[in-house]
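Let's take a look at a few strands and a couple of residues sitting outside them. Have the sequence and the 3D view open while you read.

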Amino acid sequence: FGPDGTGSLQTGSVSTWRILDSGALVPINLDVRIGSDELTGGERTACWLQFTADHNHFFVTNTIDSTISSFRFQAGQIEVVDTVVYQGNPPTEDDPLGTTDGFIDLSISDDGRYIYVLYGLVGQIGVFEVNGSSLTLVEEIGDGLPTNNIQGIVSF
């Protein structure tokens with residue numbers, strides 16, 4: 001809840017953990033927030049992440065805001081490179097889920113050259129070329145996909 005007692009979504013974040021041989025988890029970076037050090041005000045609903053082929057960067061979909069963020073990754077240490085590497089149709093205050101694209105899931109091609117982002121609420125897939133920690137939109141495909149859906153995506 002926000003300071004005024006009304007519902008509020010927290011700024012999205014990512015954490016990293018080391019997995020020991022025993023299966024125990026050891027925290028490395030906890031709650032690295034996307035776009036704001038405050039509890040609210042940054043990109044919201046960090047949902048899925050996908051590493052680049054070289055494992056030096058990863059991308060995160062922020063579902064409600066319909067944004068993609070990029071991170072740098074080295075030995076478990078992470079930092080935000082770009083809060084909004086791509087912006088889809090954002091939400092409105094009046095109807096946040098009725099107007100956003102809903103970037104719900106993403107997958108990377110085997111060769112690491114392309115990332116496919118599922119726009120779950122509008123029934124499209126965005127195809128992006130990967131350039132280190134940046135993305136270039138190649139095309140958007142929407143033939144036959146359901147809208148207002150929270151399905152996943154797998155590429156192979």
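## Two buried residues and their strands

Start with Ser155, which you'll find in the segment after strand 10 (134–141). Keep in mind that you're looking at a predicted model.

Is Ser155 buried or exposed? Its relative accessible area is 19%, and buried means under 20%, so Ser155 counts as buried. Who does Ser155 meet, once its neighbours within four places in sequence are left aside? The answer is Ser107, Ile108, Ser109 and Tyr116. Two of these names come back when you check the polar partners: the side chain of Ser155 makes a polar contact with the side chain of Ser107 at 2.6 Å, and it also reaches the backbone oxygen of Ile108 at 3.0 Å.

Now go back to strand 10 itself. Its antiparallel partner is strand 9 (residues 124–131), and seven bridges join the two. If you want one pair to click on, try Ile125, which stands opposite Ile141 in strand 10. The hairpin made by strand 9 and strand 10 has two residues between the strands, and Gly132 there takes a positive phi near 65 degrees.

Next up is an open sheet of four strands, in the order 3-4-5-6, with antiparallel pairing. Strand 3 (46–51) and strand 6 (77–87) are the edge strands, each pairing on one side only. On average, neighbouring strands of this sheet are turned by 25 degrees against each other, direction ignored. As general background, strands of a sheet pair through backbone hydrogen bonds, either parallel or antiparallel.

Inside that order, strand 4 (residues 57–62) and strand 5 (residues 67–74) pair in the antiparallel sense over six bridges. One spot to look at is Thr61, whose bridge partner in strand 5 is Ile68.

Where does Thr63 lie? You'll see it in the loop between strand 4 and strand 5. Thr63 is buried because its relative accessible area is 13%, and the cut-off for buried is under 20%. Not counting residues up to four places away in sequence, Thr63 touches Arg44, Thr45, Cys47, Thr100, Gly102, Phe103 and Ile104. With Phe103 there's a polar contact too: the side chain of Thr63 reaches the backbone oxygen of Phe103 at 3.0 Å.

Here are the side-chain polar contacts again, side by side:

| Side chain of | Partner | Distance |
|---|---|---|
| Ser155 | Ser107, side chain | 2.6 Å |
| Ser155 | Ile108, backbone oxygen | 3.0 Å |
| Thr63 | Phe103, backbone oxygen | 3.0 Å |

Key. Residues are numbered from 1 along each chain as its sequence is written. This is a predicted model: local features need pLDDT of at least 70, side-chain atom pairs count only at pLDDT 80 or more; totals for chains, interfaces and linings use all residues. Side-chain values use heavy atoms; hydrogens and water are left out. Buried means under 20% relative accessible area, exposed over 50%, partly exposed in between (1.4 Å probe, protein chains only). A polar contact is a pair of N or O atoms within 3.5 Å; within protein, one must be able to donate a hydrogen and the other to accept it, and residues adjacent in sequence count only if both atoms are side-chain atoms. Contact means heavy atoms within 4.5 Å. Two strands pair if DSSP finds at least two bridges between them. Axes are lines fitted to C-alpha atoms, for helices over the stretch in contact, and angles run from 0 to 180 degrees between N-to-C directions.
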